[in-house]
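Hello,

Here is the structure we talked about handing over. Please have a look at it, then read my notes below.

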Amino acid sequence: MTAHEIDYRIYGEEMQFVEIELDPQEGVVAEAGSFMMMDDGIKMETIFGDGSEKDTGFLGKILGAGKRILTGESLFMTAFYNNLTGKKNVSFASPYPGKIIPIDLTEFGGKFICQKDAFLCAAKGVSVGIEFSKKLGRGLFGGEGFIMQKLEGDGMAFVHAGGTMAKKELKVGETLRVDTGCIVGFDQTVNYDIEFVGGIKNTVFGGEGLFFAKLEGPGTVFVQSLPFSRLAGRVLASAPRGGGKSKGEGSILGGIGDLLDGDNNF
């Protein structure tokens with residue numbers, strides 16, 4: 001498997017986007033909805049699965065696309081090709097505040113495992129598949145599900161982390177306990193399992209869930225401070241209810257405070 005060799009540049013701080021420079025005949029694949037902009041002359045094509053050479057033939061493409069249903073993703077991905085003679089740029093944006101992480105798969109032994117919603121785009125030729133957990137506990141209690149995505153190949157891939165990203169290098173036997181939703185991804189040498197929090201008070205009143213993700217080295221782990229599920233939960237909790245009235249955030253006067261500060265909810 002030989003992926004296209006692409007150059008890139010990441011822009012921004014909180015709401016980042018990655019600009020991919022495509023030489024003639026180079027291409028990049030991306031999740032549907034991540035496209036931002038592209039130069040004139042780039043051809044866009046909707047494809048089954050990831051369009052890698054791994055899924056050859058009609059049946060292979062159907063199976064490759066069908067696997068994506070299990071991760072909650074679309075059957076289709078979008079490919080962008082530079083069919084002209086000069087260099088062309090195409091850009092992809094992060095879906096919510098956070099960081100875009102470039103992953104050189106050659107530095108991870110040709111395989112990187114990530115959360116199912118972390119993948120953003122990759123060089124044409126990188127295979128985007130699914131990684132099944134071999135342990136029942138992960139599937140039942142893993143929080144984000146026992147199915148994760150795996151990126152395979154020898155090219156560049158880009159994943160997204162919400163909030164601030166932390167990169168941890170674990171030594172042999174070194175362990176890291178993480179909230180299951182805060183995992184962005186890790187390389188194939190890391191052992192991943194689920195561990196019970198323990199303790200009656202922690203279980204009933206802790207508010208942090210019943211299980212941790214236990215990651216054991218050696219290998220590299222990427223952790224995010226703001227998973228999308230946590231962000232969505234905060235937004236839903238603060239959404240107006242009961243006729244669309246707000247909570248009067250930041251003021252003990254509530255609705256009266258809204259009148260004083262000019263927020264009339266028109």
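The side chains of K111 and E131 are joined by a polar contact of 3.2 Å. This is a predicted model, so please read every value here as computed from it. K111 sits in strand β9, which covers residues 111-114. Is K111 buried or exposed? K111 is buried, because its relative accessible area is 16% and the cut-off for buried is under 20%. Leaving out residues up to four places away in sequence, K111 touches L105, E131, K150, L151, E152, D187 and Q188. E131, the polar partner, is thus also on the contact list.

A second lysine is worth a look. K88 lies in strand β7, residues 88-93. A polar atom of the K88 side chain lies 3.3 Å from the backbone oxygen of D40. D39 is also on the list for K88: the two are 49 residues apart in sequence, yet their C-alpha atoms are 5.9 Å apart in space. Setting aside neighbours within four places in sequence, K88 is in contact with I20, E21, L22, D39, D40, I42 and N82.

Next, S94. This serine is in the loop between β7 and β8, with β8 spanning 98-104. S94 counts as buried, because its relative accessibility is 6%. What does the side chain of S94 reach at 2.9 Å? The backbone oxygen of Q16. Not counting residues up to four places away in sequence, S94 touches M15, Q16, I100 and H160.

Now the surface. Which residues form the nonpolar patch? They are F35, M36, M37, M38 and M44, with about 440 Å² of accessible area together. Strand β4, residues 35-38, gives the most to this patch, with four residues. M37 has its place in that strand. M37 is partly exposed, because its relative accessible area is 39%, and partly exposed runs between the 20% and 50% cut-offs.

On cysteines: how many disulfides does the structure hold? Zero. Two cysteines to check are C114 and C121. C114 is buried, with a relative accessible area of 0%. C121 is buried too, also with a value of 0%.

Two backbone points remain. Most residues other than glycine have a negative phi, and most peptide bonds are trans. Each of the following departs from one of those patterns.

- Q25 has a positive phi, near 70 degrees, and is a residue other than glycine. Q25 is placed in the loop between β2 (17-22) and β3 (27-31). Q25 is exposed, because its relative accessible area is 53% and the cut-off for exposed is over 50%.
- G217 and P218 are joined by a cis peptide bond, with omega about 20 degrees. P218 is found in the loop between β18 (211-216) and β19 (219-224).

If you open the model in a viewer, please begin with three places. One is the pair K111 and E131, with their side-chain polar contact of 3.2 Å. Another is the S94 side chain, which reaches the backbone oxygen of Q16 at 2.9 Å. The third is the cis peptide bond between G217 and P218.

Best wishes

How values were computed. Residues numbered from 1 in each chain as written. Predicted model: local features only at pLDDT ≥ 70, side-chain atom pairs only at ≥ 80, totals over all residues. Heavy atoms only, no water. Helix = DSSP H or I, 4+ residues; strand = E, 2+ residues; numbered from the N terminus. Contact = heavy atoms within 4.5 Å. Polar contact = N/O pair within 3.5 Å; in protein donor to acceptor, adjacent residues only side chain to side chain. Patch = residues over 30% accessible without salt bridge, like charges linked within 9 Å, V, L, I, M, F, W, Y side chains within 5 Å. Areas by Shrake-Rupley, 256 points an atom, 1.4 Å probe, with all protein chains shown as cover. Salt bridge = Lys/Arg side-chain N within 4 Å of Asp/Glu carboxyl O. Buried < 20%, exposed > 50% of the residue type's maximum accessible area, 1.4 Å probe, protein only. Disulfide = S-S within 2.5 Å.
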